[in-house]
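Q: Could you take me through one part of this model up close, in plain bench talk? I'd like to know which side chains are tucked away, which are out in the open, and what the charged ones are doing.

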Amino acid sequence: MRGDELRAIQGPLKDQYRAAPDTAIITLEARGALDAEGVACSVQTGRALARAGLHPSTGGDGTALCSGDMLLQALVACAGVTMRAVAVHRGVDVTGEVRAEGDLDVRGTLGTDRSVAVGFGEIRLSFDLVSDAPPSVLDELVATTERHCVVLQTLVDGPRISCRRAATV
């Protein structure tokens, strides 16, 4: 895709959102079905059913997806798509790899040590870019990607989250 093609697609959307900001608010949704037998939850991805379960370090057998891995994969996917959109807009030819690594102390989620936080203690996102563009252009691509990546900014800024039990079915 070329920059003018992407601008032709996004231009009218941007104009609409500037004129009517309320139309820019969308609600994304994910649903999962609890497994009646094992320790798993099946999530509909839109393309396939993803069965998530315990990571081997917490008692899983390794056959189900780990939700921690899925979080990192969502970050990589979002950062990669954002990077490509920015590059296409700017006419920068770039390929390469996006990688996320996260450090997790499983004692927190297993409840074996209440002083250990549940969740990732650190996440590192890196871009191994292949391009003829100068390093300053690639640095700006990374900075703009960081600023506009939905998943990254959600993790950095921490949205308000509510958790409740719905009515019994």
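A: Quick definition before we zoom in: a residue counts as buried when its relative accessible area is under 20%, as exposed when it is over 50%, and as partly exposed in between. Keep in mind that this is a predicted model.

Let's look at helix α4, which runs over residues 135-148. At 1.5 Å a residue, its 14 residues should span 20 Å, and the end C-alpha atoms are indeed 20 Å apart, so the two agree. Now for the hidden residues: Leu138, Leu141, Thr144 and Thr145 are buried in α4. They cover an arc of only 125° around the axis, so they sit on the same side of α4. What do they pack against? The buried residues of α4 pack against α2 (67-90) and β6 (120-130). Flip to the other side of α4 and you find Pro135, Ser136 and Asp139, which are exposed.

On to the charges. Arg147 forms a salt bridge with Glu140, with the closest N and O atoms 3.9 Å apart. Arg147 is partly exposed at 47% relative accessibility, and Glu140 is also partly exposed, at 35%. Elsewhere, salt bridges that share partners join Glu101, Asp103, Glu122 and Arg124 into one network.

Strand β6, one of the packing partners of α4, takes us into that network. Glu101 forms a salt bridge with Arg124, the closest N and O atoms being 3.4 Å apart. Glu101 lies in strand β5 (residues 95-104) and Arg124 in strand β6, so the pair ties together parts that are 23 residues apart in sequence. Glu101 is partly exposed at 39% relative accessibility, and Arg124 is partly exposed at 31%.

For contrast, here is a pair within one helix. Asp15 forms a salt bridge with Arg18, and the closest N and O atoms are 3.4 Å apart. Asp15 and Arg18 are three residues apart in helix α1 (residues 3-19), so about one helical turn separates them. Asp15 is partly exposed, with a relative accessible area of 48%, while Arg18 counts as exposed at 61% relative accessibility. For the whole tally, the structure holds 13 salt bridges.

Definitions and conventions. Residues are numbered from 1 along each chain as its sequence is written. This is a predicted model: local features need pLDDT of at least 70, side-chain atom pairs count only at pLDDT 80 or more; totals for chains, interfaces and linings use all residues. Side-chain values use heavy atoms; hydrogens and water are left out. Helices (H or I, at least four residues) and strands (E, at least two) are DSSP runs, numbered from the N terminus. The expected span of a helix is 1.5 Å times one less than its number of residues. Buried means under 20% relative accessible area, exposed over 50%, partly exposed in between (1.4 Å probe, protein chains only). The arc is that of the directions from the helix axis to the C-beta atoms. Contact means heavy atoms within 4.5 Å. A salt bridge is a side-chain nitrogen of Lys or Arg within 4 Å of a carboxyl oxygen of Asp or Glu.
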